[in-house]
Amino acid sequence: MNAPLASCVAAPSATPAPQPDFAAIKTRQQATWASGDYAVIGVMLQIVGESLAEAADLRAGERVLDVAAGNGNATLAAARRFADVTSTDYVPQLLEKAAARASAEGLPVRFQVADVEALPFADGEFDVVLSTFGAMFAPDQPRTASELVRVVRHGGRIGLAAWTPEGFIGELFRVVGAHVPPPAGLRPPTRWGDESALVELFGHQAADIRCTRRVFNFRYRSPSHWIDVFRRYYGPTHKAFAALDEAGQARLQADVMRLLESRNVGGSDSLVVPGEYLEVVITRH
């Protein structure tokens, strides 16, 4: 599906909303993603990185930057295609897990701690910039988009995977947010999974924006098994449960259980929950 560059022009706001404290939010986010063990969750999403590498038409020898790389799904996918890969994240513990995976496969990758909102690279240094479920969580969305464009060369590509607002993870974030509200004024990360929002963020610097809605299936033994894994290892849900007292945790668990049961297409003996995401390839002017 191609998103038209001229669509969805946002009307100016009569009264500008107060600017969130991005620095404080980012500090909180770093603690969130360092909690639990995202690598346990992230490794299950490897197929998304492989699909994105194909969608972006990666070529051997291309200079590829993976931002907010987590435990390295897009990083490994690019390195397996003989690209020259630099992998970055602002959580060192996640990069350590990614480096261990690359080492186990004998893949040459440079790892560097870096913030996607202030990338320490020259203008146009890379042929391709990738991010799977990473850049979407940066609090300052326009600045993040600007940095992704800045470091890719003219004619280069930006490949993104982001959960959609309508999909399972988008609904999960709304359920969790009803119990542990996000910072005031912060735009939801699932905005990156909306075609019109991407046109707003990138359209003025894009020659082409190609969007494809895809599905990742969460496959677990049962709803209870999913909750146990995500409560232990996935930073956002791990921190949300930790922020609540015992009664609050029980209410959150009940709401998440209802969501899982309503989305389960695997029958009574297992859990299969389709998670819609947007696969995006942006070509820079």
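Student: What makes the crossing of H3 and H4 right-handed?

Tutor: In this predicted model, H3 passes H4 in a right-handed crossing. The term applies if the near helix is turned clockwise from the far one by less than a right angle.

Student: Why is H3 called oblique to H4?

Tutor: Start with the angle. Helix H3 (residues 46–55) and helix H4 (residues 73–80) pack at about 50°, and their axes lie 8 Å apart. Roughly parallel needs an angle under 35 degrees, and roughly perpendicular runs from 65 to 115. The angle of about 50° fits neither class, so H3 is oblique to H4.

Student: Which residues of H3 and H4 meet?

Tutor: From H3 come Gln46, Gly49, Glu50 and Ala53. From H4 come Asn73, Ala74, Leu76, Ala77 and Arg80. Contact here means heavy atoms within 4.5 Å. By class, the residues of this contact are four nonpolar, three polar and two charged. Gly counts as polar.

Student: Now the sheet. What makes S3 and S6 edge strands?

Tutor: Each pairs on one side only. Strand S3 covers 109–113, and strand S6 covers 206–220. The sheet is open, with seven strands in the order S3-S2-S1-S4-S5-S7-S6 and mixed pairing. On average, neighbouring strands are turned by 20° against each other, direction ignored.

Student: How do you know that S4 and S5 pair?

Tutor: Count the bridges. Pairing needs at least two. Strand S4 (residues 126–132) and strand S5 (residues 152–163) have six, so they count as paired, in the parallel sense.

Student: Which residue in S5 is the bridge partner of Val128?

Tutor: Arg157 is the partner.

Note on methods
Residues are numbered from 1 along each chain as its sequence is written. This is a predicted model: local features need pLDDT of at least 70, side-chain atom pairs count only at pLDDT 80 or more; totals for chains, interfaces and linings use all residues. Side-chain values use heavy atoms; hydrogens and water are left out. Axes are lines fitted to C-alpha atoms, for helices over the stretch in contact, and angles run from 0 to 180 degrees between N-to-C directions. Helices (H or I, at least four residues) and strands (E, at least two) are DSSP runs, numbered from the N terminus. Angles under 35 degrees count as roughly parallel, over 145 as roughly antiparallel, 65 to 115 as roughly perpendicular and the rest as oblique.
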